[in-house]
Amino acid sequence: MAGVEVCAVVLAAGEGTRLRPLTERVPKALCPVGNVPLLDRALARLAGLGLTGPARVAVNACYLGDQVVARVGDRAHLSVEPGDPLGTAGGLGRLRDWIAGRGVLVGNADAYLADPQAAPGPDVAALLDGWDGRSVRLLGQPADDPAAPGTFDGHRFVGFSLLPWRMVRDLPATFGDLVRAVWRPAEAAGALTVVPYRGVFYDTGTPADYLAANLHAAGPDGLVDPSASVDGRVTRSVVGAGARVHGTVDRSVIWPGATVAAGERLDGVVRAGADLTVPAAR
């Protein structure tokens with residue numbers, strides 16, 4: 001990447017409609033995985049690449065944007081989109097003046113990535129290695145069906161792309177997606193490369209994938225925040241800060257501050273508050 005200046009954008013404006021009703025309470029980017037909000041995981045991955053602070057990292061926000069703004073604080077430049085979200089391309093178009101001639105590493109806040117052989121940041125560094133500042137690079141994994149729609153060179157996209165300024169500078173700040181606006185045109189021009197990711201990936205967009213990401217993050221023994229109160233039975237689950245578990249919980253996610261009453265038996269679900277239970281088993 002010698003001589004090519006790069007900034008980063010975390011896309012965090014979406015609602016996460018497939019995760020409703022969980023996302024009626026918080027935006028998808030702030031849903032916790034392994035008791036860490038997805039957005040914080042994305043920012044930590046960028047920090048692992050040396051990309052930190054509002055001069056080098058931006059976050060867009062829209063749906064329940066005040067929650068995203070509060071969470072980001074002064075860690076990144078904020079682009080709050082008015083009205084409805086502008087999509088992946090429109091979000092970058094609105095940040096064009098901030099990107100200002102640089103290459104841009106774009107990450108989806110809802111992408112859960114974990115490589116047992118590399119820390120967050122170094123695990124995606126191959127995206128940047130030797131980049132000439134002109135081609136488009138996508139992080140990918142071999143698709144079950146290499147010819148399926150939505151694949152690139154037989155790979156599915158796994159959350160991060162690297163875009164040259166020449167393909168960002170003319171993006172309008174109107175609704176659009178990067179697939180049609182940038183990736184497919186670059187592919188057609190022979191200017192798109194897929195960089196394989198060897199770790200685990202979940203897009204966390206459905207309750208089943210969200211639960212799977214949490215269970216992966218927790219490991220076989222589960223994960224219980226030290227501030228949680230547990231006098232019930234918890235196995236293979238994630239229990240958030242301040243949660244109270246008086247019943248039985250297995251292979252489930254208990255959000256921060258949530259309650260599981262005595263006599264309740266939760267299996268393969270996400271519990272938020274005292275009253276919301278979302279089935280999430282495959």
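**Exercise 1. State what share of the 282 residues in the protein is buried, and set this beside the overall dimensions.**

Solution. Buried residues, meaning those under 20% relative accessible area with a 1.4 Å probe and protein chains only, make up 52% of the 282 residues. The model is a predicted one, in which local features need pLDDT of at least 70 and side-chain atom pairs count only at pLDDT 80 or more, while totals for chains, interfaces and linings use all residues. Residues are numbered from 1 along each chain as its sequence is written, and side-chain values use heavy atoms, with hydrogens and water left out.

The next step is the radius of gyration, taken over C-alpha atoms, with a globule rule of 2.2 Å times the number of residues to the power 0.38. For 282 residues a compact globule would have a value near 19 Å, and the protein agrees because its own value is 19 Å. The C-alpha atoms fill a box of roughly 60 × 40 × 30 Å along the principal axes.

**Exercise 2. Identify the buried residues of helix α3 and name elements that cover them.**

Solution. Helices are DSSP runs of H or I with at least four residues, and strands are runs of E with at least two, numbered from the N terminus; the protein has 6 helices and 22 strands. In helix α3 (residues 87-94), the buried residues are Ala89, Gly90, Gly91, Leu92 and Gly93. Their cover includes the strands β1 (6-11), β4 (57-61), β6 (103-108) and β9 (155-163), together with the helices α4 (96-99) and α5 (178-188).

**Exercise 3. Decide whether Asp209 is buried or exposed, and list what it touches.**

Solution. Asp209 belongs to helix α6 (residues 207-218). Its relative accessibility is 17%, and therefore Asp209 counts as buried. With contact meaning heavy atoms within 4.5 Å, and not counting residues up to four places away in sequence, Asp209 touches Tyr202, Asp203, Thr204 and Arg282.

**Exercise 4. Work out the order of the open sheet of 5 strands, and then find the bridge partner of Ile254 in β21.**

Solution. Two strands pair if DSSP finds at least two bridges between them. The order in this open sheet is β12-β15-β18-β21-β22, with mixed pairing. Its edge strands, each pairing on one side only, are β12 (223-224) and β22 (276-279). Within the sheet, strand β18 (residues 253-254) pairs with strand β21 (residues 269-272) in the parallel sense over 2 bridges, and the partner of Ile254 in β21 is Arg271.

Methods. Buried < 20%, exposed > 50% of the residue type's maximum accessible area, 1.4 Å probe, protein only.
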